[in-house]
Amino acid sequence: MDVYEAVTSRRAVRGFTGRPVSRKVLQRVLSAAAWAPSGSNLQPWHVYVVTGEPLAEIKRRAGARLAAGEPWDEREYEMYPAALKSPYQERRAAFGRERYSALGVAREDWEARQRAASGNWQCFGAPAALFCYVDRGLGRPQWSDLGMYLQTVMLLLRAEGLHSCPQMAWSVYRKTVAEIVRPPEELILFCGMSIGFEDGAEQYIRTGRAPLDETVTFVESR
Ligand SMILES: Cc1cc2nc3c(=O)[nH]c(=O)nc-3n(C[C@H](O)[C@H](O)[C@H](O)COP(=O)(O)O)c2cc1C
């Protein structure tokens with residue numbers, strides 16, 4: 001698979017089969033992903049790879065919290081600014097429309113939307129997950145390094161025939177994750193990432209992208 005194919009075939013998959021992912025493959029992917037760039041080569045990513053019984057336990061505990069209507073954990077970072085300005089608000093709304101219309105869920109059906117969202121905390125059925133942390137003493141450039149690393153992981157997973165879904169949703173159940181992975185206090189959970197083989201029955205609409213001239217400006221000689 002060439003890089004273009006890896007990039008264009010990656011999408012946030014929200015339906016996985018239970019087929020296990022081998023530790024050898026995950027080790028190969030994560031060893032290669034370590035070549036991702038970072039400012040001054042800080043390599044500020046801290047990743048926990050969770051499979052088997054520990055992942056089942058995280059899913060069980062998250063499911064129990066959800067069923068009990070327990071509040072989310074207080075946020076350690078804001079996922080989005082409170083007032084999202086244009087054009088981001090429109091793009092977010094378009095994403096929501098596409099996601100829920102693929103599932104046949106009406107915009108005003110809050111309960112059905114919550115049910116769909118709750119798949120996050122079952123890793124959408126995936127048998128493997130990463131929990132990706134960054135040191136709380138580091139700043140925005142290092143969070144950006146973490147993003148580059150995560151995309152590198154997701155592209156390498158494609159080369160292995162695997163799919164993924166990065167999930168900030170786990171940050172609101174960060175204490176449940178911490179009960180199992182026991183990260184040091186100085187780390188913040190940025191996101192989880194579900195990993196596995198795609199379940200062909202998943203209903204989705206492929207997300208679109210803004211036209212190139214909305215996000216890219218060429219400054220060149222005439
Ligand atoms: C940092 C990050 C966090 C995300 N968090 C979630 C999440 O919690 N749940 C989810 O279903 N998708 C999540 N996504 C997936 C995005 O919704 C998805 O990448 C975006 O809509 C573009 O679609 P595509 O990845 O299928 O191309 C996240 C993506 C990123 C990069």
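Buried means under 20% relative accessible area, exposed means over 50%, and partly exposed lies in between (1.4 Å probe, protein chains only). Keep that in mind for the exercises below.

This is a predicted model, in which local features need pLDDT of at least 70, side-chain atom pairs count only at pLDDT 80 or more, and totals for chains, interfaces and linings use all residues. Residues are numbered from 1 along each chain as its sequence is written, and side-chain values use heavy atoms, with hydrogens and water left out.

**Exercise 1. Place glutamate 186 and decide whether it is buried, partly exposed or exposed.**

Step 1: Find the residue. Glutamate 186 sits in the loop between α7 (174-181) and β4; helices (H or I, at least four residues) and strands (E, at least two) are DSSP runs, numbered from the N terminus.

Step 2: Apply the cut-offs. The relative accessible area of glutamate 186 is 42%, so this residue is partly exposed.

Step 3: Look at its surroundings. Not counting residues up to four places away in sequence, glutamate 186 touches Val134, Asp135 and Arg136, where contact means heavy atoms within 4.5 Å. Tyrosine 133 is 53 residues from glutamate 186 in sequence, with 9.5 Å between their C-alpha atoms.

**Exercise 2. Work out which elements supply the largest nonpolar core.**

Step 1: Start with the term. A nonpolar core is a set of buried Ala, Val, Leu, Ile, Met, Phe, Trp, Tyr and Cys residues joined through side-chain atoms within 4.5 Å.

Step 2: Take its members. The largest core has 26 residues, and Leu150 and Met193 are among those with the most contacts inside it.

Step 3: Assign the elements. At least two residues each come from α2 (23-33), β2 (128-135), α6 (140-159) and β4 (187-196). Helix α6 gives the largest share, 6 residues.

Step 4: Zoom in. Leaving aside neighbours within four places in sequence, leucine 150 contacts Cys132, Phe190, Cys191 and Met193.

**Exercise 3. Describe how the protein surrounds the ligand.**

Step 1: Count the shell. There are 16 residues around the ligand, with Ala12, Arg14, Asn120, Ala169 and Arg209 the closest; a residue counts if one of its heavy atoms lies within 4 Å.

Step 2: Find polar contacts (pairs of N or O atoms within 3.5 Å). A ligand oxygen is 3.0 Å from a polar side-chain atom of arginine 10. A ligand nitrogen lies 2.9 Å from a polar backbone atom of methionine 168.

Step 3: Find the main supplier. Strand β3 (residues 163-167) contributes the largest share of the shell, 3 residues.

How values were computed:
A polar contact is a pair of N or O atoms within 3.5 Å; within protein, one must be able to donate a hydrogen and the other to accept it, and residues adjacent in sequence count only if both atoms are side-chain atoms.
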